[in-house]
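Thanks for making time this morning. I would like to walk through one model with you, taking the helix packing before the empty spaces.

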Amino acid sequence: MIPTSRGCVWSWGTVVATSGVDLIRKCAAGDHEAFAQFYDRYAPLAFALILRIVRERADAADVLQEVFWEAWQSAGRYDPERGSPEAWISTRARNRAIDRIRSIRRRGESFGAPLNESLKPIGENPSQTVAERAVERRVIWDALERLSESQREVIELAYFGGFTQTEIAEQLKLPLGTVKTRIRQGIERLREVVKQAT
Amino acid sequence: MSHEHFDTLAAVYAVGALDGDELAQFEQHLAQGCVRCASALRESEEALAMSAREVPAVPPPFVKEALLRRAAAASALRSRPEPSRSPWLPWAAATAAAALIGAVSAGMFVARRYEARLAQMARESPVLHERLALYTAVINLLRDPSTRDVALRGTGPNPGAAGRMLWNKSGEGHLFVANLPPAPEGKAYEVWAFARGAPRSAGRIQTDASGKGGLHIAPDHSDHPAEVFTVTLEPAGDLFGPTGPVVLSSE
């Protein structure tokens, strides 16, 4: 198998590229094999994102199953003009994970981590050295690092923490308008960075 | 109203933070077909998806298995041939189908919940066995009449640190430590047992954020029982003897 960003499969000795868009189309037609391939390609990314948000592996596995089941059921409604397969599945993963932590917060269950603590990535093994972590993270393109501290803070609280603009303004003791402006500036900067990189 | 206002709402909406009246206002605006906002949202979602990329994590295998089973079950339901019709059959068929769908959905929901819990238990089981074996070993140490209870006191930069070593004739021991902050990055706490003045490494001990830690030491059946115990702060890597500062000592 030859790995490419579009993904490949062997078919009687011939390498056949199967794009994420093609896999979603095949899922829409009820192709279980395509669903398995789609899962293999995107589940590790989605699971990492969900895990970062919900933090408990059992909950993250539950959310992941929900996300891919919805994807299988709604594959027919996927429109490539509205976003890449990765953005499609990431947005679903993020939204379902946020639904889960909001539901936990509503029930008043644990999730008592301090605001900033709840946003730390959890993939890091405390026994790893800084150098080891740097090597592992080198493969990740961390566009958020290109934002100012104040822009990154509000975007992380919203996107990974599931807090609304009003909650962020209250938590950070900032005027609502300032929070909105920081989010907008941060998002514009992110889009600019992504455009430059692609 | 200028579109500037909606540009801001689109950004806040993209990160999922829009709330209250503004959320309804923006969704209505979007539903009216604003191409500029739809495009901004699309670009923002792509940018966020790339920014949110983590080190890929391997999901538990049961998730894929459960999904494929659900997909197969749903396809089987869809492809079931229609029975021949009689005037009273539609009611019965609709009721049965509703009951079947309900039962399958409930079954899948329950299966999904229990698969997650079972997998969690399976993951926890080896950890619990390991913990139980450790507790049993400590209890056996306490029952052994030859076991000595040696106190260790903090020295150097951590005078508040304390330790307690349970140690028997065969050289098996267990060290409990309190009030000792975790070792700095690149360093480790090494435990030493001294017999006739010669140090022997008994292993490395880690402490948590509250300063607590424990280390179980396997028996060495040495002819010369240990007399003194110390803990030193050492660089990571192999050691032939203590080189760093002593942080706990039984002397």
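**Helix packing, pocket and cavity**

Let me begin in chain B, where the axes of α1(B) and α2(B) come within 10 Å of one another and cross at roughly 105°. Since angles of 65 to 115 degrees are counted as roughly perpendicular, that crossing makes α1(B) roughly perpendicular to α2(B). Please keep in mind throughout that this is a predicted model. On the α1(B) side the contact is made by His5(B), Phe6(B), Leu9(B), Ala10(B) and Tyr13(B), and these meet Glu22(B), Leu23(B), Gln25(B), Phe26(B), Glu27(B), His29(B) and Leu30(B) of α2(B). Sorted by class, the residues of this contact are 7 nonpolar, 3 polar and 2 charged.

Turning to chain A, helix α3(A), residues 57-74, packs against α4(A) at an angle of about 135°, with 9 Å between the axes, and that angle makes α3(A) oblique to α4(A). The crossing of α3(A) past α4(A) is right-handed. From α3(A) the contact includes Asp59(A), Asp62(A), Glu66(A) and Phe68(A), while α4(A) brings, among others, Trp88(A), Arg92(A), Arg96(A) and Arg100(A). By class, this contact of α3(A) with α4(A) has 9 nonpolar, 1 polar and 7 charged residues.

Now to the empty spaces, and which elements supply at least two residues each to the lining of the largest pocket? They are α4 (85-106) of chain A together with α1 (4-14), α2 (20-31) and α3 (35-51) of chain B, so that both chains take part in the lining. Among these elements α4(A) gives the most, with 10 residues. The largest pocket has a volume of about 1000 Å³, and of the 35 residues that line it, Arg82(A), Thr91(A), Asn95(A), Tyr13(B) and Glu45(B) are the closest to its centre. Tyr13(B) is therefore a residue to look at twice, given that it also belongs to the contact of α1(B) with α2(B). The lining of the largest pocket divides into 15 nonpolar, 8 polar and 12 charged residues.

Finally, the structure holds 1 cavity of 30 Å³ or more, and the volume of the largest cavity is about 40 Å³. The residues that line the largest cavity are Leu45(A), Leu49(A), Glu86(A), Ser90(A), Ala49(B), Ala52(B) and Arg53(B), and the elements giving two or more of them are α2 (32-54) and α4 of chain A. By class, the lining of the largest cavity has 4 nonpolar, 1 polar and 2 charged residues.

How values were computed. Residues are numbered from 1 along each chain as its sequence is written. Chains are lettered from A and ligands numbered from 1 in the order in which they are written. This is a predicted model: local features need pLDDT of at least 70, side-chain atom pairs count only at pLDDT 80 or more; totals for chains, interfaces and linings use all residues. Side-chain values use heavy atoms; hydrogens and water are left out. On a 1 Å grid over the protein atoms alone, a cavity is a set of points where a 1.4 Å probe fits but cannot get out, and a pocket is an open set with protein on both sides within 12 Å along at least five of seven lines; lining residues have an atom within 4 Å of a point. Grid points are joined across faces, edges and corners, and a volume is the space filled by probe spheres set on the points. Helices (H or I, at least four residues) and strands (E, at least two) are DSSP runs, numbered from the N terminus. Ala, Val, Leu, Ile, Met, Phe, Trp, Tyr, Cys and Pro count as nonpolar, Asp, Glu, Lys and Arg as charged, and the others, Gly among them, as polar. Axes are lines fitted to C-alpha atoms, for helices over the stretch in contact, and angles run from 0 to 180 degrees between N-to-C directions. Angles under 35 degrees count as roughly parallel, over 145 as roughly antiparallel, 65 to 115 as roughly perpendicular and the rest as oblique. A crossing is left-handed if the near helix is turned anticlockwise from the far one by less than a right angle, and right-handed if clockwise. Contact means heavy atoms within 4.5 Å.
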